[in-house]
Amino acid sequence: MEETASAFNSSESPDVECSACTGWKRKAEQTCLECLSSYCDFHLDLHNTLHVGKRHRLVEATEELQEKICPHHDKLQEVYCRTDQQCICHLCITDNHRGHDVIAIANEVMNKQIELIGLQSDTTDIMKAMEKDMQELRGAVEVFRTSVQDALQKNEKSFTELIQSMKDIQSKVTKLIEGQAEAAEKQAEEFIEALQQEINNLKDVDAKLQHLELLSRSNNDVRFLENTVHLPSLAAYKKSFILLQHPYCSFDRTTEAVTELISKLNINSRWSLITISGRVKTTRIVTHPPPQTREDFLHYAAKLTFNTNTAHTSLRLSDEDMKVTASHLTVDYPEHKERFDSRAQILCNEALRGSPQYWEVEYGGGCWVCIAVSYKGICRKGKRGPLFGRNSRSWGLRCDVLSFKFWHDNKETNVKKLSRCYRIGVYLDHSAGILAFYNVLDNMSVIYKAQTVFSEPVYPGFGLAGKGAYVRFMCK
């Protein structure tokens, strides 16, 4: 409709010819929208004289006049049919466009201009937001690149230090072996020298004994007995030196210990490499955007179940354990160490981590409900047991009739409530640290999105305040 509006007020057609001139045609100055003709100064005066007193609409001469004429009735197109989205004349209204939604072209042009202004404003805002995102992303890329270089440098330094540490250990073990070998050999040599000396001494003794043995055969008993008065004693000499050999007379055990160390290092290195690899693969500049439609979200649907061992005694399960309701009556649950005993709260059985997960709940009644995720180790007993979101180990969206409030680490964030909501979708991307809440009934509009870092698996949880407050898991 921009073209139609500009055509009626065109000042860009200087060569429009006069419709009334014969032969050489003069330049037209104005166009009559009633006569559907363009006139030069002379014929314009004649036109005005012939139609004096009549309200003919004159506009600056335009060569696009034919585009404004209805091809069916040769009348000026002055009406816009919204049903068929086309310009028509007044006769068309009672012909092919009977009963259609029609409006004056000028009014529709005004509407479209207003719509255009809004679209231009929205386009400007979107472009500004995209430019901001682009600048932030570029900044994130630079930070990421710096992180890459820092990680590579630290990695190089750490492994260099590790290699040097291994070399130092190798050097120490080598020195230990060489030092122990030298000391052991020196000790053995000293034993050898001592044995050699004793052998030499025994040889002297043996020589004396051989001399006495000869005397015993000389038939000179007196002399023999006189020489045997001081027979040598062998008490100072060891009969056997086999016990001097130590049971660990080789470095086989040392070699086994070194082999065991290398084996442990290899095993630890492989496990550490798996951990390192996992962390490397989860390191990104941007995360994959969450789904846009409910159908897309449902691809990540998680099957959740209430953990009755954690349920406060004021919470009653129903609808095949798909619904939990706050009651003024006490439920006779058995004693359990995991049960909330001072807060009307309950956790689910499922520990969530890794790939994205999605679940939906319907809520209502009472004062408010809190839709949360929590670490398993949250305190559950006595006054020290806080509400979800009132500690560093849980995140919760508190929903009441008029507003939403997001809580984490005992810090409150007010969330503007845009429309009626009693069914909420929860999207969790544990590895990316994204926890988002959506209004399912408002075309999955975002209620609140939290960006955090999860250090362990989280469990969906719910807190209920006021008699009749309830939460129900919704099936697909």
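What share of the contacts in the chain with a separation of 6 or more comes from residues 24 or more positions apart? It's 58%, where a contact means heavy atoms within 4.5 Å. Keep that in mind while you click around.

Some ground rules before the tour. This is a predicted model, where local features need pLDDT of at least 70 and side-chain atom pairs count only at pLDDT 80 or more, while totals for chains, interfaces and linings use all residues. Residues are numbered from 1 along each chain as its sequence is written, and side-chain values use heavy atoms, with hydrogens and water left out.

**Stop 1: the whole chain**

Select everything and show it as a cartoon. You should find seven helices and 19 strands; these are DSSP runs numbered from the N terminus, with helices being H or I of at least four residues and strands E of at least two. The radius of gyration is 50 Å, well over the 23 Å from the globule rule for 476 residues, so the chain is more spread out than a compact globule. That radius is taken over C-alpha atoms, and the rule is 2.2 Å times the number of residues to the power 0.38. Switch to a C-alpha trace, line it up with its principal axes, and the spans are about 190 × 80 × 35 Å.

Now turn on the surface. The accessible area is about 31800 Å², with 53% of it belonging to carbon and sulfur atoms; areas come from the Shrake-Rupley method with a 1.4 Å probe, and for residues only the protein chains shown count as cover. Buried residues make up 30% of the 476. Buried means under 20% relative accessible area, exposed means over 50%, and partly exposed is in between (1.4 Å probe, protein chains only).

Colour by charge next: there are 59 positive and 63 negative side chains, and the centres of the two sets lie 8 Å apart. Lys and Arg count as positive, Asp and Glu as negative, and His and the chain ends are not counted. Each charge is placed at NZ of Lys, CZ of Arg, CG of Asp or CD of Glu.

**Stop 2: residues 65–105**

UniProt (unreviewed entry) annotates this stretch as "domain: B box-type". UniProt positions follow the numbering used here, feature names are shortened, and annotations may be inferred rather than shown by experiment. The stretch is 12% helix and 22% strand, and its end C-alpha atoms are 15 Å apart.

Zoom in on Gln85, in the loop between β4 (79–81) and β5 (86–88). Gln85 is exposed at 63% relative accessible area. Check its phi: about 55 degrees, positive although the residue is not a glycine. Most residues other than glycine have a negative phi.

**Stop 3: helix α4 and the coiled-coil annotation**

Select 105–216, which is helix α4, and pick Asp150 inside it. Asp150 is partly exposed, with a relative accessible area of 34%. Put a distance label from its C-alpha to that of Asn111: 39 residues along the chain, 57 Å in space.

Then select 181–215, which UniProt (unreviewed entry) marks as "coiled-coil region". These residues are 100% helix and 0% strand, with end C-alpha atoms 50 Å apart.

**Stop 4: the loop between α6 and α7**

Thr282 is found in this loop, and it is partly exposed at 47%. Its C-alpha is 8.0 Å from that of Ala432, although the two are 150 residues apart along the chain.

His288 is in the loop between α6 (252–281) and α7 (294–298) too. Is His288 buried or exposed? It is exposed, at 59% relative accessible area. For another distance label, try Asp429: 141 residues away along the chain, with a C-alpha separation of 9.6 Å.

**Stop 5: Asp321 and His408**

Asp321 lies in the loop between β7 (315–318) and β8 (323–326). Its phi is positive, about 60 degrees, and it is not a glycine. Asp321 counts as partly exposed at 43%.

Finish at His408, in strand β13 (residues 404–408). His408 is partly exposed at 21%. Which residues does His408 contact, leaving aside neighbours within four places in sequence? Show Gly389, Asn391, Ser392, Ser394 and Trp395. Gly396 is worth a label as well: twelve residues from His408 in sequence, and 6.7 Å away C-alpha to C-alpha.
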